[in-house]
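Welcome, and please open the structure in your viewer. We will take it one selection at a time.

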Amino acid sequence: MLAHIKEDDKLKGIPTVILTTSEAEADIVKSYQLQANSYLSKPVQLDAFETLVKSINDYWLVKASLPQQK
Amino acid sequence: MSLKSVKKLLLVEDNPIDIQRTQEAFRDINKAVELHVASDGGEAMAYLHREGIHADAPRPDIILLELNLPKMDGREVLAQIKKDDSLKMIPTIILANSEAEADIVKCYQLQANTYFSKPAQSEAFTSLIKSIHDFWLVKAKLPQQR
């Protein structure tokens with residue numbers, strides 16, 4: 001899926017953040033090789049998960065400049 | 001704090017004021033961050049390829065890159081990092097003075113990991129550095145150094 005997005009000139013400019021239960025080093029390396037914009041592992045605990053979602057919101061949707069939709 | 005947890009950042013920036021405020025912000029947030037500075041694009045590439053005086057340069061965990069730089073500009077530095085198989089995994093975050101839509105689109109096309117425009121106001125700037133620190137050095141999983 002990530003490889004498809006990042007090979008498509010129309011889609012590759014969309015920030016793609018991996019949110020996964022895997023913490024395997026091989027998955028982390030492969031995702032960054034394929035140009036994932038970031039890799040986050042999903043906390044099992046509910047309040048840690050909520051904190052992470054807030055942090056994604058603040059980082060990507062409040063502070064970052066994103067490309068405009070066409 | 002163990003040596004392993006010391007994070008290494010490469011700041012590519014030519015403006016002394018921005019270098020200083022970035023250094024001060026990181027010093028306040030986390031003393032275990034080692035901030036290396038390259039002041040133009042050519043020096044950044046020499047650092048990353050460990051050429052000349054940079055032979056012993058540590059590989060950075062993340063790169064903070066300004067776009068408007070002397071010698072080789074930031075867009076070219078980004079393009080070179082992202083087409084080099086040994087460097088493309090290093091998260092490269094644009095900290096630009098430009099808010100031009102063309103720059104934002106171009107940098108994401110070149111696979112910048114995030115694009116930020118630098119706030120002029122110092123509190124907002126410090127808050128941005130805190131967010132970058134928290135997101136990349138606390139929450140995100142980074143590829144291990146080789």
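In what order do the elements of chain B run from the N terminus on? Select chain B, color it by secondary structure and follow the chain: the order is β-α-β-α-β-α-β-α-β-α. That gives chain B five helices and five strands. Keep in mind as you look around that this is a predicted model.

Stay with chain B and zoom out until you see its whole outline. Its C-alpha atoms fill a box of roughly 40 × 35 × 30 Å along the principal axes. The radius of gyration of chain B is 14 Å, which agrees with the value near 15 Å that a compact globule of 146 residues would have. Of those 146 residues, 38% are buried. Among contacts in chain B with a separation of 6 or more, 66% join residues 24 or more positions apart.

Next, show chain A as well and turn to where the two chains touch. Here 24 residues from chain A meet 24 residues from chain B. On the chain B side, select helix 4 (101-109), strand 5 (114-117) and helix 5 (122-139), the elements that each give two or more residues. The residues on this side are 11 nonpolar, seven polar and six charged.

For the last stop, hide chain B and select residues 17-20 and 38-41 of chain A. These are strand 1 and strand 2, paired in the parallel sense over four bridges. Click on Thr20(A), and look for its bridge partner in strand 2, Ser41(A). Now add residues 25-33 of chain A: this is helix 2, through which the chain crosses from strand 1 to strand 2 in a right-handed β-α-β crossover.

Conventions: Residues are numbered from 1 along each chain as its sequence is written. Chains are lettered from A and ligands numbered from 1 in the order in which they are written. This is a predicted model: local features need pLDDT of at least 70, side-chain atom pairs count only at pLDDT 80 or more; totals for chains, interfaces and linings use all residues. Two residues are in contact if their C-beta atoms, placed from the backbone, lie within 7 Å. Ala, Val, Leu, Ile, Met, Phe, Trp, Tyr, Cys and Pro count as nonpolar, Asp, Glu, Lys and Arg as charged, and the others, Gly among them, as polar. Two strands pair if DSSP finds at least two bridges between them. A crossover is right-handed if, with the strands pointing away from the viewer, the path from the first strand over the helix to the second runs clockwise. The radius of gyration is taken over C-alpha atoms; the globule rule is 2.2 Å times the number of residues to the power 0.38. A residue is buried if 20 or more other C-beta atoms lie within 10 Å of its own, exposed if 12 or fewer, and partly exposed in between; C-beta atoms are placed from the backbone.
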